[in-house]
Amino acid sequence: NGMLGYQILRYNPATDKYVEVKRVNANTTNCTLTGHSACTAYFFKVRAYVNEGDSARYGEYSDHVTTATAPIRVNLTSVTKCGNELRVQWQPVRSTRYEIVYSTDVNFRYNVTSAVLDGDKNNSFTAKNINPNAQYYVRVRAARFYDGIYHFGALSYYMTSVDVPGKVSGLRVTNTDADNVWLSWNR
């Protein structure tokens, strides 16, 4: 009787082969695998083995499973409030979707609103018709859609909205002479 264990293998697309990434003993039916790249698809198989002397005998491979790792945490770059608009910007990450969550409560317990943007090229969002007199807190997380499931990354750290003045309108030239230009605009 040899020692029984399990061999965990991961597909390597560069070699088009499954390679061993870990071995566990016979009393174990789960494991954690570390050192993977964010927002990447992976394929795994497992098979049992018995050691006899210097050689091992292997059982059949399990069916493979596929999964994808989540995107990295999003970094917010600005959250500004201009009148009744909340403008959010972040550094884009590899993803297929972003979820934006905002609230007037720093702990996100009430007045929570969320929005979803599909596509990895997005890195900004504008919410309209917000309360112009309230302070807002915003968090964003990225997701990767793979094999019918969204794999969500961690929520960004929250950022507090900063009030900025609205866009100036009605700019016009009211007069000129040889040395001067007179401008006016709406308040």
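Start by colouring the aromatic rings: ten aromatic pairs turn up in this model, which is a predicted one. For one of them, pick Trp-90 and Tyr-98, a tilted pair with 5.1 Å centre to centre and 50° between the planes. Both Trp-90 and Tyr-98 are buried.

**Stay on Trp-90**

Keep Trp-90 selected and show its surroundings. Leaving aside residues up to four places away in sequence, Trp-90 touches a long list, including Val-74, Asn-75, Leu-76 and Thr-77, then Tyr-98 and Ile-100, and further along Asn-122, Asn-123, Ser-124 and Phe-125. Leu-117 and Val-140 are among its contacts too.

Now widen the selection to the core. The largest nonpolar core has 20 residues, and Trp-90 is among those with the most contacts inside it, together with Leu-86, Tyr-102 and Val-140. Six strands each give two or more residues to this core: β6 (75-82), β7 (85-91), β8, β9 (112-118), β10 (124-127) and β11 (137-146). As a rule, nonpolar side chains in soluble globular proteins tend to be buried together.

**Switch to cartoon: the four-stranded sheet**

Which strands make up the open sheet, and in what order? Reading across, you get β10-β7-β6-β14, with mixed pairing. β10 and β14 (162-163) are the edge strands, each pairing on one side only.

Go to β6 and β7. These two pair in the antiparallel sense over seven bridges. Trp-90 shows up again here, as the bridge partner in β7 of Leu-76. Follow the two strands to their turn: β6 and β7 form a hairpin with two residues between them, and Gly-83 in that turn has a positive phi of about 65°.

On the other side of β7 sits β10. The two run antiparallel and are joined by four bridges. Select Val-88 and you'll find its bridge partner in β10, Phe-125. Then select Leu-86, whose partner in β10 is Ala-127. Recall that Leu-86 is also one of the residues with the most contacts inside the core.

**A glutamate in β8**

Next, select Glu-99, which sits in strand β8 (residues 97-103). Is this residue buried or exposed? Its relative accessible area is 16%, so Glu-99 counts as buried. Show side chains and look for Arg-141: a polar contact of 2.5 Å joins the side chains of Glu-99 and Arg-141. Besides Arg-141, Glu-99 touches Ala-115, Arg-139, Val-140 and Phe-152, again skipping residues up to four places away in sequence. Val-140 is a handy landmark, as Trp-90 touches Val-140 as well.

**Two loops with positive phi**

Follow β8 out into the loop between β8 and β9, where you'll find Phe-108. Its phi is near 55°, a positive value in a residue other than glycine. Phe-108 is buried, because its relative accessible area is 19% and the cut-off for buried is under 20%.

Now hop to Asp-147, in the loop between β11 and β12 (149-152). Here too phi is positive, about 55°, although Asp-147 is not a glycine. What is the exposure of Asp-147? With a relative accessible area of 57%, Asp-147 is exposed.

**Thr-69 and its neighbours**

Select Thr-69, in the loop between β5 (65-68) and β6. Thr-69 is partly exposed, with a relative accessible area of 22%. Zoom in on its side chain: a polar atom there lies 3.0 Å from the backbone nitrogen of Cys-39. Cys-39 belongs to a run of contacts that Thr-69 makes with His-36, Ser-37, Ala-38, Cys-39 and Thr-40, and the list also includes Tyr-42, Arg-144 and His-151, not counting residues up to four places away in sequence. For a wider view, draw a distance to Leu-33: C-alpha to C-alpha, Thr-69 and Leu-33 are 11 Å apart in space, with their positions 36 residues apart in sequence counted as separation.

**Last stop: back to the rings**

Return to the aromatic residues. Tyr-11, Tyr-18 and Phe-43 form one aromatic cluster. Then look for arginines over rings. Arg-47 lies over the face of Tyr-58, at 3.9 Å from the ring centre. Arg-73 does likewise with Tyr-157, lying over its face at 4.4 Å from the ring centre.

How values were computed: Residues are numbered from 1 along each chain as its sequence is written. This is a predicted model: local features need pLDDT of at least 70, side-chain atom pairs count only at pLDDT 80 or more; totals for chains, interfaces and linings use all residues. Side-chain values use heavy atoms; hydrogens and water are left out. Buried means under 20% relative accessible area, exposed over 50%, partly exposed in between (1.4 Å probe, protein chains only). A polar contact is a pair of N or O atoms within 3.5 Å; within protein, one must be able to donate a hydrogen and the other to accept it, and residues adjacent in sequence count only if both atoms are side-chain atoms. Contact means heavy atoms within 4.5 Å. A nonpolar core is a set of buried Ala, Val, Leu, Ile, Met, Phe, Trp, Tyr and Cys residues joined through side-chain atoms within 4.5 Å. Rings of Phe, Tyr and Trp (its six-membered ring) pair if their centres lie within 6.5 Å; planes under 30 degrees apart count as stacked, over 60 as edge-to-face and the rest as tilted. A charge sits over a ring if NZ of Lys or CZ of Arg is within 6 Å of the ring centre and within 35 degrees of the ring normal. Two strands pair if DSSP finds at least two bridges between them.
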